[in-house]
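Let's take a walk through this model together. Have the sequence and the 3D view ready, and we will go from one charged pair to the next before turning to the chains themselves.

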Amino acid sequence: MNPVLVHLLDLVGVAVFAASGALVASRKKMDVIGFALLATLTGIGGGTVRDLIIDRPVFWLLDQSYLAVCVAIALASFFLAHLIGRRYIVLLWADAIGLAAYGVLGAHIARSAGAGVLPAIALGMMTATFGGLLRDVVSRELPLILKTEVYATAALVAAGLFVGARELGLEAVPAAAIGFAGGFAVRAGGI
Amino acid sequence: MNPVLVHLLDLVGVAVFAASGALVASRKKMDVIGFALLATLTGIGGGTVRDLIIDRPVFWLLDQSYLAVCVAIALASFFLAHLIGRRYIVLLWADAIGLAAYGVLGAHIARSAGAGVLPAIALGMMTATFGGLLRDVVSRELPLILKTEVYATAALVAAGLFVGARELGLEAVPAAAIGFAGGFAVRAGGI
Amino acid sequence: MNPVLVHLLDLVGVAVFAASGALVASRKKMDVIGFALLATLTGIGGGTVRDLIIDRPVFWLLDQSYLAVCVAIALASFFLAHLIGRRYIVLLWADAIGLAAYGVLGAHIARSAGAGVLPAIALGMMTATFGGLLRDVVSRELPLILKTEVYATAALVAAGLFVGARELGLEAVPAAAIGFAGGFAVRAGGI
């Protein structure tokens, strides 16, 4: 996959998960630092675990744009929360986009690093679910992954479709589109 | 220690922890994906932390058999749960075997990587307890490691006896047998 | 920064976080192994995450003194708990020292490894807060980081002042002193 596209998917994943973290901070009536912390943990959690396991440099360490996005989203959420509301439904949709994007991206990066089909799918699922899991454990919410039956399924579908389409010979970009669309559709159907 | 034996101990640890994860999924009435997810997290959690800290390639990344075992155990548990029941006692015994096997294995791998006696024992304990801790935190159960006094003690005995026996000059295999038997006996005595 | 000073700050961070872990074990009426486990997890948790993300050897793996300090503090706390009491206030102050020391140290090590300003501050905060977070999640306490508004702020101030002072051209040691004093003052003001 084109490095620019990988970077873009990573930014999308970081941004929407950061937004979901900021929304939980808002619902918990945290201060602005709490917003920044929870947005950042949620935004970079999944990709950090992915990079540690793949043993490549952690993506946000040398490129400041990822953290800047998390902080910007946290600040915007903090000062504009009265405009966008604290609606749980916004959290669910932001989470759904991140889930599908990271399911595909985690699987892609694992395959690029030489992982087999099954480990790549597992890593896609972990990348997709770990940020939100961290968000829920830290804020002592019942993890979405346990509350919603289709949650893990959507991550599995995103990662599985991508890896399957690649195995069938598709190029990375259409395979990623299929994986993202499939995973997002499954999750959206459950909202 | 013979690489084949290390691989075998790793598979045993993965399999019994995966079974304990699947049992919790069963008790929580999760769907089949929840079974697979919790079995896999529990099965590979301890070894993943071990490999990250030791800085060696994560064991399940390039060898698909580990994940295949987790998924197979999750599927078998899901479709046969009515046969084996959801008995808590099965969970306890599966967990006890994994605890002793991983206590020894974590300590062995740490020593092989040049760690001192104390870090090796600590890493054995972490390898043994982290998968179950992850299982309990994710499923919001009170961690077994806090509920049962002999839990951490058993992991300590397994890792400590192994490292001690090796220091006294024993070969790896008998030392591993002593560590496993000691740790398992302590845990079994507390069930 | 002088390697000896880094080592000393690391030891202080480990020791005070270990003490805070032992105090939670005491309040939970754990056995001596539980003391050792919770003291060690809390003591080395933050630095372990820091080293994994920076991709340098985990600090306690080849130097046994860190674990020896954790175990010694756990034993002392276990047998002398009736003398020092189980006062929550002791936990808070131990935690405050560790928070400030690790906020500075995490940021320093990240900068030395080539991280940008923002990632270095984020890593300082993570190093400072992760051990205590692990302690609270494992022992099922409401995380201090959520309970006390100035908690994350103090870590941010410690890491931010250090990085900012360094950017302004100060030597490492006075910058570290400023960061430590600032972070500690913020946290102390909230106790």
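**Charged pairs and a rotation axis**

Glu167(B) counts as partly exposed, with a relative accessibility of 48%. Keep in mind as you look that this is a predicted model. The partner of Glu167(B) in a salt bridge is Arg111(B), with 2.4 Å between the closest N and O atoms. Arg111(B) belongs to helix H4 of chain B and Glu167(B) to helix H7 (residues 150-167), so this pair ties together parts that are 56 residues apart in sequence. Arg111(B) is partly exposed too, at a relative accessible area of 31%.

Helix H4 offers another pair to look at: Asp95(B) forms a salt bridge with Arg135(B), their closest N and O atoms lying 2.7 Å apart. Here helix H4 (residues 88-112) is linked to helix H5 (residues 117-138) of chain B, so the bridge ties together parts 40 residues apart in sequence. Where do these two side chains sit, buried or exposed? Both Asp95(B) and Arg135(B) are buried, and for Arg135(B) the relative accessibility is 1%. Because its relative accessible area is 5%, under the 20% cut-off, Asp136(B) is buried as well. Arg135(B) also meets Asp136(B) in a salt bridge, at 3.0 Å from N to O.

Over all chains, the count comes to 18 salt bridges.

Now step back to the chains. A turn of 120° with a shift of 0.0 Å along the axis lays chain C on chain A, with an RMSD of 0.0 Å. That is how a three-fold axis relates copies. Within chain C, the residue that comes closest to the rotation axis is Leu52(C), its C-alpha being at 4.2 Å.

Key:
Residues are numbered from 1 along each chain as its sequence is written. Chains are lettered from A and ligands numbered from 1 in the order in which they are written. This is a predicted model: local features need pLDDT of at least 70, side-chain atom pairs count only at pLDDT 80 or more; totals for chains, interfaces and linings use all residues. Side-chain values use heavy atoms; hydrogens and water are left out. Copies are superposed by least squares on the C-alpha atoms of residues with pLDDT of at least 70 in both. A salt bridge is a side-chain nitrogen of Lys or Arg within 4 Å of a carboxyl oxygen of Asp or Glu. Helices (H or I, at least four residues) and strands (E, at least two) are DSSP runs, numbered from the N terminus. Buried means under 20% relative accessible area, exposed over 50%, partly exposed in between (1.4 Å probe, protein chains only).
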